[in-house]
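Reader: Could you walk me through this model in plain words? I'd like to ask about whatever catches my eye.

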Amino acid sequence: MGKIKVLPDHLCNQIAAGEVVERPAAVVKELVENSVDAGARRIRVFLQKGGRSLVRVVDDGEGMSPEDALLALERHATSKIATAEDLHAIRSMGFRGEALPSIAAVSRLEMITREKEAVSGTRIVVEGGTIRSVEDVGCPPGTSITVRDLFYNVPARRKFLRTVETETAHISDMFLRLALAQPELYWQLVHHERTVHDFPQAASLHDRVYHVFGAELAKALIPVDFRTDHAAVRGLIGPPELQRANARSLFLFVNKRPVKDTVLTHAVLTAYDTLLPKGAYPFVVLFVDVPPRLVDVNVHPTKREVRFRDPPLVLDVVRRAMAQGLESALKASWSRPFYVSVETARARDIRGGVREGQAESEGFRPLAVPSAAGAVARPEPISILWPNRLPEPTADGTPCHQEAPGEPTAPHAFSSLKILGQLACAYIVLEAPDGLILIDQHAAHERITSERLVHGSGSSGSQRLAPPVVLDLPPLEADALSHWIPELRTLGFEVEPFGGGSFVIHAMPAVLKHADPARLIRRLAERTPAEERTPRVERLEQLAYTAACHASVRAGQRLTEEEMRQLLKDLDAIRLSATCPHGRPLWWKITLDQIQRFFQRT
Ligand code: ADP
Ligand code: MG
């Protein structure tokens with residue numbers, strides 16, 4: 001007796017399920033891909049418990065005859081390929097004929113399907129791979145497949161399922177990727193009774209992106225469209241300032257198939273090259289279309305990896321396409337208001353804080369310089385951050401500002417220095433005796449405003465509003481604001497509670513005359529905790545900083561020499577040793593010494 005046995009089908013299916021069905025998201029993917037292949041126009045996905053207890057995919061595609069419906073549940077049964085040649089010309093999403101039997105082997109599956117011309121449909125119930133019933137039913141044309149109790153008969157796999165939230169997040173991510181690939185289809189995802197995604201049929205990728213990610217992001221994206229004889233690359237890519245902290249913002253597709261491909265990812269990231277700091281990822285939706293014979297999609301059981309027959313060819317096309325898109329966008333950015341990127345960088349700083357080692361990633365990258373030996377060597381990175389102190393976000397994320405401490409030769413009379421000019425509508429460039437000083441004009445303005453609020457204005461610098469402005473706040477904000485009314489009065493605000501979350505604003509500090517009173521007070525209420533324990537001085541400063549941040553109008557403005565001079569004078573007049581424990585630097589000096597080291601002159 002030999003030891004080797006051919007395994008029975010149901011066991012093969014369970015083994016295949018181990019690869020194909022990692023988690024509920026994989027069930028959604030396989031079923032939805034079948035719907036796409038069936039020519040559906042509308043695809044709806046229903047979930048319960050993150051897909052653990054129920055995944056249902058309903059489509060209006062071509063449906064199946066009763067015979068086909070039964071065959072579809074057999075292992076290696078597919079309508080999509082028939083010969084070995086077909087394997088090299090795959091245009092459908094599926095082709096392995098594995099998904100349905102695999103899913104059916106590890107769940108309780110119900111299939112209801114009807115071809116358009118047929119008078120009735122077919123309902124098949126399968127439990128753990130065993131067909132329990134087959135019957136005729138009345139149903140609309142198309143197919144509905146319900147998968148209940150995933151892994152009910154494979155406890156080891158069930159144990160590996162994560163929380164409902166995690167599984168739902170995986171499904172949602174997968175759903176988004178599939179929906180991006182097929183803008184012309186209607187897509188809906190419903191978890192219990194809640195609609196998670198609802199994407200109307202769209203005329204273009206741009207319109208789909210608009211629905212998925214919102215108007216603001218869609219507007220910022222750069223279109224890419226590039227073709228050669230062998231490949232086409234199209235999509236929408238983010239400008240560098242739209243950076244993200246992880247690779248989930250890369251939506252990459254090969255022949256409309258969502259892929260996680262390291263080679264492709266690398267090509268995309270190299271295109272951004274020095275435009276992004278280390279560890280940052282761009283936002284990219286990119287479709288690479290190549291003739292099916294040039295790509296092997298039969299590499300991974302879930303088809304999320306592909307193998308290009310000629311990787312350098314594809315990568316070259318991707319790089320060129322991306323470079324073209326980015327270049328045109330960068331040129332266009334001369335006319336884009338610069339504060340967009342300045343603000344983005346600021347938001348990132350506030351969220352993540354800046355660490356010393358990140359100096360290089362803050363947009364300052366030493367160039368690669370050929371060394372004497374001919375090898376490319378990087379010069380020693382220069383410490384470009386203020387040495388002693390690192391800015392930190394405040395507890396509530398409100399930026400507050402202070403001077404860069406620690407520079408021993410800190411000039412306390414900025415106005416005595418020569419103004420070299422203004423950089424990027426954001427920084428004033430000064431010549432110091434021992435180097436170069438950059439002043440963040442927006443931060444400086446905020447600082448001046450807040451100092452004036454705390455130490456200058458008071459009620460004398462207050463401006464009455466005629467007529468007064470009425471503001472309604474939700475309960476928590478109203479409560480917070482009512483605690484701060486005395487401090488607000490010290491700063492020059494006159495705010496009167498009116499009951500039921502309503503407030504009347506009678507007066508505002510004169511230095512904030514440009515701000516919208518209702519928006520400013522609302523912002524203050526949102527940002528200030530109803531905390532009584534904070535010392536009053538700190539509360540005052542915190543309020544002043546928040547108000548100043550909100551009211552500063554100087555970001556992204558071209559300043560005249562006169563205005564720069566005035567800003568420097570104002571800066572000289574304020575206390576540079578403020579006690580604010582948080583905050584970002586106001587100015588930054590690059591010493592001549594550092595400059596010389598960079599140019600290897602020492
Ligand atoms: P594959 O997609 O690789 O062919 P599957 O196991 O996913 O394998 O599906 C088997 C077959 O069942 C498909 O080839 C298709 O003919 C049929 N089928 C599956 N889902 C649907 C659907 N939603 N509408 C119409 N036919 C379907
Ligand atoms: Mg399939």
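Reader: Which residues form a nonpolar patch on the surface?

Author: This is a predicted model, so local features need pLDDT of at least 70 and side-chain atom pairs count only at pLDDT 80 or more, while totals for chains, interfaces and linings use all residues. Residues are numbered from 1 along each chain as its sequence is written, chains are lettered from A and ligands numbered from 1 in the order in which they are written, and side-chain values use heavy atoms, with hydrogens and water left out. A patch takes residues with over 30% relative accessible area and no salt bridge, joining like charges within 9 Å and nonpolar side chains (Val, Leu, Ile, Met, Phe, Trp, Tyr) within 5 Å. The nonpolar patch here has about 250 Å² of accessible area together (Shrake-Rupley method, 1.4 Å probe, for residues only the protein chains shown count as cover), and its members are L7, L11 and I15.

Reader: Where is I15 placed?

Author: Helices here are DSSP runs (H or I, at least four residues), and strands are too (E, at least two), both numbered from the N terminus. By that scheme, I15 sits in helix α1, residues 9-20.

Reader: How many residues surround ligand 1?

Author: A residue gets counted if one of its heavy atoms lies within 4 Å of the ligand. The closest are N34, T78, S79, K80 and G97. Helix α4 (residues 99-105) gives the most to this shell, with 3 residues. The full count around ligand 1 is 19 residues.

Reader: And how many of the residues in that shell are charged?

Author: Asp, Glu, Lys and Arg count as charged; Ala, Val, Leu, Ile, Met, Phe, Trp, Tyr, Cys and Pro as nonpolar; the others, Gly among them, as polar. The shell around ligand 1 has 8 nonpolar and 7 polar residues. The charged ones number 4.

Reader: What share of the accessible area of ligand 1 does the protein cover?

Author: Let's start with some atom pairs. An oxygen atom of ligand 1 is 2.8 Å from a side-chain N or O atom of N34, and an oxygen atom of the ligand is 2.9 Å from a backbone N or O atom of L100. A nitrogen atom of ligand 1 is 3.3 Å from a side-chain N or O atom of T143. Of the 530 Å² of accessible area that ligand 1 has on its own, the protein covers 94%.

Reader: Which peptide bond is cis?

Author: Look at P467, which is in strand β22 (residues 462-472). Omega is near 0° for the bond leading into that proline. So to speak, the cis one runs from A466 to P467.

Reader: Is C425 buried or exposed?

Author: C425 is in the loop between β19 (418-423) and β20 (427-432), and its phi is near 55°, a positive value in a residue other than glycine. Buried means under 20% relative accessible area, exposed over 50%, and partly exposed in between (1.4 Å probe, protein chains only). Because its relative accessibility is 16%, C425 counts as buried.

Reader: How many salt bridges turn up in the whole structure?

Author: Side chains of opposite charge can pair when their charged atoms come close. A salt bridge is counted when a side-chain nitrogen of Lys or Arg is within 4 Å of a carboxyl oxygen of Asp or Glu. One of them joins K256 and E184, with the closest N and O atoms 3.7 Å apart. The search of the whole structure finds 18.

Reader: How far apart in sequence are the parts that D434 and K589 tie together?

Author: These two form a salt bridge, and their closest N and O atoms are 3.2 Å apart. D434 lies in the loop between β20 and β21 (435-440) and K589 in strand β26 (residues 587-591), so the pair ties together parts that are separated in sequence by 155 residues.

Reader: What about D570, buried or exposed?

Author: D570 forms a salt bridge with R452, the closest N and O atoms being 3.3 Å apart. D570 is in helix α17 (residues 561-573) and R452 in helix α12 (residues 441-457), so the pair links parts 118 residues apart in sequence. R452 is partly exposed, at 38% relative accessible area. With a relative accessible area of 16%, D570 is buried.

Reader: What distance separates the C-alpha atoms of K29 and T302?

Author: K29 lies in helix α2 (residues 24-37) and, at 5% relative accessibility, counts as buried. Along the chain, K29 and T302 are 273 residues apart. Their C-alpha atoms are separated by 9.0 Å.

Methods. A polar contact is a pair of N or O atoms within 3.5 Å; within protein, one must be able to donate a hydrogen and the other to accept it, and residues adjacent in sequence count only if both atoms are side-chain atoms.
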